[in-house]
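Got your viewer open and the cartoon view switched on? Let's take a walk through this model, one selection at a time.

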Amino acid sequence: MAPPSTRRPGFSRRAQYGLFFGYVIAVAGVMFAVLLLLVAVIDPTGFAALKGASLDVTKPFTAGGRGVVNFFGGLGGSIGDYFQAGSQNAALRRQLAAERQRLIQARVIEGENQHLRALLKLDQDNPGTVAVTRIVGSSFASVRRLATLSAGSIAGVRVGEPVRAAEGLIGRVIESGHFASRVLLVSDGASSVPVRLVRDGTPAIAVGHGDGTIDLKTLEVGKNPFRRGDVLVTSGIGGVFPPGVPVAVVAAVQKDRTVAKPLADPARIDFAMVLPIYQPLADKPLSPQTQTALEAAQQ
């Protein structure tokens, strides 16, 4: 017959020993507690010394436990700080991007203000200005070099009028609608502008080459008078462009050809000024003094 699956503790010697030692430990604990109570009542000073000794004995364990608690507490704080720093960095990146956009916008506005201030000064020097307008488009990939202004006949813009920027001459108006007009650039193949060399006044014709550059042709046959870096301005000959407007700077000098680059690039300019067609002084009526002198000379 199989033995029963469960036994009482009395049938196991190991269980009996376990119960016995449990009773002994319990009784010893009670006796130790009573002894401590008696010492505290009879000898409070000795009991205090005993408490200090027990504190010294348990100090390493207490410090170790506190170190473990502080370690895990610090670790949790570090993890929290990491995630908080990540969110703060994301917010700072968004703020930096917004500040960068505002900085770019401020630079664009400052550039426009500089052009407008320069044009305003030119407008004060030229009280007969037709219009100050924005350049809304320009062609640079085709043979024809044209620009579009956001002002037309309603603003007083007429065909043939010169167009310039603070940097120099842009071209002349070839079409004028009610609200927009088209400008033939000085670099277009159909453009020719009478110019003179600032260095010594040598006259020449600036002819557009159709590729963004200008060919300079002298009026006299002989040695090429141009040097690299020379600046050319309008001469006023022909009565269309007023004299003294910067046109181009010499970029390359060859034996039979001089290449110059326009000083005013519509692709980099936001605003332009439309000027009235220049009339030479000979077209103006003579002053009364001059008329009297001529009549006296004829008599």
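Start by selecting Ala206 together with Leu216 in β8: the two stand opposite each other. This is a predicted model, so keep that in mind as you click around. Now widen the selection to the whole of β7 and β8, which run antiparallel and are joined by five bridges. These two strands form a hairpin, with five residues between them. In that turn, pick out Gly210, which has a positive phi of about 85°.

Stay on β7 and show its side chains. Which ones point to the buried face? Ala204, Ala206 and Gly208 do, while Pro203, Ile205 and Val207 point to the other face and are not buried.

Next, add β6. It pairs with β7 in the antiparallel sense, over five bridges. For one example of who faces whom, select Ser192, which stands opposite Val207 in β7. β6 and β7 make a hairpin too, with five residues between them. The glycine to look for in this turn is Gly201, whose phi is positive at about 80°.

Now for the inside. The largest nonpolar core has 17 residues, and those touching the most other members are Leu169, Val193, Val195, Ile214, Leu216, Phe226 and Leu232. Colour β6 (192-197), β7 (203-208), β8 (214-218) and β10 (246-253), since each of them supplies at least two residues of this core. There is also a second, separate core of 16 residues; Ala131, Ile170, Val183 and Ala264 are included in it.

Zoom in on Ile214 and display what surrounds it. Leaving aside neighbours within four places in sequence, Ile214 is in contact with residues including Val186, Ser187, Ala206, Val247 and Pro262.

From there, hop to Ser187, in the loop between β5 and β6. Is Ser187 buried or exposed? It counts as buried, because its relative accessibility is 6% and the cut-off for buried is under 20%. Beyond its neighbours within four places in sequence, Ser187 is in contact with Arg145, Gly208, His209, Gly210, Asp211, Gly212, Thr213, Ile214 and Pro262.

Another loop comes next: select Leu263, between β11 (258-262) and β12 (271-274). Leu263 is partly exposed, with a relative accessible area of 31%. With neighbours within four places in sequence set aside, its contacts are Glu167, Val231, Pro246, Val247, Ala248 and Val249. Try drawing a distance line to Ala165 as well: the C-alpha atoms of Leu263 and Ala165 are separated by 9.4 Å, although the two residues are 98 apart along the chain.

Then move to Thr234, in strand β9 (residues 231-234). Thr234 is buried, at a relative accessible area of 0%. Where does its side chain reach? It reaches the backbone oxygen of Pro242, at 2.5 Å. Not counting residues up to four places away in sequence, Thr234 touches several others, among them Leu169, Val193, Val195, Phe241, Pro242 and Val247.

For the last stop, zoom out and look for a closed barrel of six strands, running β1-β2-β5-β4-β3-β12 with antiparallel pairing. From one strand to the next, the twist averages 40°. Inside this barrel, select the pair β4 (residues 169-176) and β5 (residues 181-185), which run antiparallel and are joined by five bridges. To finish, click Arg172 and then Leu184, its bridge partner in β5.

Definitions and conventions
Residues are numbered from 1 along each chain as its sequence is written. This is a predicted model: local features need pLDDT of at least 70, side-chain atom pairs count only at pLDDT 80 or more; totals for chains, interfaces and linings use all residues. Side-chain values use heavy atoms; hydrogens and water are left out. Two strands pair if DSSP finds at least two bridges between them. Helices (H or I, at least four residues) and strands (E, at least two) are DSSP runs, numbered from the N terminus. Axes are lines fitted to C-alpha atoms, for helices over the stretch in contact, and angles run from 0 to 180 degrees between N-to-C directions. Buried means under 20% relative accessible area, exposed over 50%, partly exposed in between (1.4 Å probe, protein chains only). A polar contact is a pair of N or O atoms within 3.5 Å; within protein, one must be able to donate a hydrogen and the other to accept it, and residues adjacent in sequence count only if both atoms are side-chain atoms. Contact means heavy atoms within 4.5 Å. A nonpolar core is a set of buried Ala, Val, Leu, Ile, Met, Phe, Trp, Tyr and Cys residues joined through side-chain atoms within 4.5 Å.
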